[in-house]
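This briefing goes through one protein model by topic. Please keep the sequence and the 3D view open while reading.

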Amino acid sequence: MFWNKKKEDTVEVPWNRLERLDQLSEIIEESKNQTVVIYKHSTRCSISSMALNRLERNWTAEGNQLKVYYLDLIQFREVSNAVAEQFGVQHESPQAIVIKNGKAVHHSSHMSIDYDAMLKLI
């Protein structure tokens with residue numbers, strides 16, 4: 001569980017910024033070789049900030065097997081809407097969507113975003 005991780009085990013999340021619609025086709029292709037996570041973040045929401053902080057606080061080197069994208073849905077709302085449509089996942093914020101072989105295989109939102117659950121999908 002995340003509360004058992006030692007601080008020295010955590011590493012910086014290797015974020016990739018998701019800012020363009022054409023990146024969705026790249027993500028679909030990448031997901032055929034590596035599990036991809038899209039984290040949809042609202043910069044205006046304290047719950048989104050708490051979920052992001054918890055994810056970053058618990059990230060370990062094992063998580064680096066995931067390709068992780070950060071989407072500022074306030075600044076890039078069109079991209080956020082396209083993510084929901086492309087992967088058939090109702091928009092929520094904050095939200096983590098795990099993609100494998102071009103399909104969403106898991107999604108969670110708010111305080112249900114679970115780093116350990118994502119690791120199980122690698």
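**Arg17 and the overall picture**

At 45% relative accessibility, Arg17 falls in the partly exposed class. The model is a predicted one. Its five strands make an open sheet of mixed pairing, in the order β1-β3-β2-β4-β5. Five salt bridges turn up in a search of the whole structure.

**Arg17 and its partners**

- The side chain of Arg17 meets that of Glu19 in a salt bridge, with 2.7 Å from N to O.
- Glu19 is partly exposed as well, because its relative accessibility of 33% lies between the limits of 20% for buried and 50% for exposed.
- Across the sheet, Arg17 stands opposite Tyr70 in β3.

**The sheet**

- The order of the strands is β1-β3-β2-β4-β5, and the sheet is open.
- The edges are taken by β1 (15-17) and β5 (103-109); each has a single partner strand, so one side of each lacks a neighbour in the sheet.
- On average, neighbouring strands of this sheet are turned by 25° against each other, with direction ignored.
- Strands β1 and β3 are parallel and share three bridges.
- Strands β2 and β3 also run parallel, joined by six bridges.
- Within the pairing of β2 and β3, Ile38 stands opposite Tyr69 in β3.
- Of the six residues of β3, five are buried, and the strand is mostly covered.

**The β4-β5 hairpin**

- Strand β4 (residues 95-100) runs antiparallel to β5, and six bridges connect them.
- Ile99 has Ala104 in β5 as its bridge partner.
- Val98 is placed opposite His106 in β5.
- Two residues lie between the strands of this hairpin, where Asn101 adopts a positive phi near 50°.

**Helices on the sheet**

- Helix α1 (residues 23-30) packs on the sheet and touches β1, β2 (36-41), β3 (67-72) and β4.
- The direction of α1 makes about 160° with that of β3.
- Helix α3 (residues 77-87) lies across β2, β3, β4 and β5, and runs at about 135° to β2.
- Which residues of α3 are buried? They are Val79, Ser80, Ala82, Val83, Ala84 and Phe87.
- An α-helix has 3.6 residues a turn, so residues three or four places apart point the same way.
- The buried residues of α3 pack against α1 and against the strands β2, β3, β4 and β5.
- Gly88, just after α3, has a positive phi of about 65°.

**A salt-bridge network**

- Side chains of opposite charge can pair when their charged atoms come close.
- Arg20 and Asp22 form a salt bridge, their closest N and O atoms being 2.8 Å apart.
- Arg20 also forms a salt bridge with Glu26, where the closest N and O atoms are 3.7 Å apart.
- Through shared partners, these salt bridges join Arg20, Asp22 and Glu26 into one network.
- The members of the network are partly exposed: Arg20 at 41% relative accessibility, Asp22 with a relative accessible area of 42%, and Glu26 with 36%.

**A nonpolar surface patch**

- Which residues make the nonpolar surface patch of about 260 Å²? Ile47, Met50 and Met111 make it.
- Met50 belongs to helix α2 (residues 46-58), and Ile47 lies in α2 too.
- Met50 has a relative accessible area of 47% and is partly exposed.
- Ile47 is also partly exposed, at 32% relative accessibility.
- Both values fit the patch, because a patch takes in residues with over 30% relative accessible area.
- Leaving aside residues up to four places away in sequence, Ile47 touches Pro94, His110 and Met111.
- From Ile47 to Asp22, the distance is 25 residues in sequence and 29 Å in space, C-alpha to C-alpha.

Notes: Residues are numbered from 1 along each chain as its sequence is written. This is a predicted model: local features need pLDDT of at least 70, side-chain atom pairs count only at pLDDT 80 or more; totals for chains, interfaces and linings use all residues. Side-chain values use heavy atoms; hydrogens and water are left out. Two strands pair if DSSP finds at least two bridges between them. Helices (H or I, at least four residues) and strands (E, at least two) are DSSP runs, numbered from the N terminus. Axes are lines fitted to C-alpha atoms, for helices over the stretch in contact, and angles run from 0 to 180 degrees between N-to-C directions. Contact means heavy atoms within 4.5 Å. Patches are made of residues with over 30% relative accessible area and no salt bridge: like charges are joined within 9 Å, nonpolar side chains (Val, Leu, Ile, Met, Phe, Trp, Tyr) within 5 Å. Accessible areas come from the Shrake-Rupley method with a 1.4 Å probe; for residues, only the protein chains shown count as cover. A salt bridge is a side-chain nitrogen of Lys or Arg within 4 Å of a carboxyl oxygen of Asp or Glu. Buried means under 20% relative accessible area, exposed over 50%, partly exposed in between (1.4 Å probe, protein chains only).
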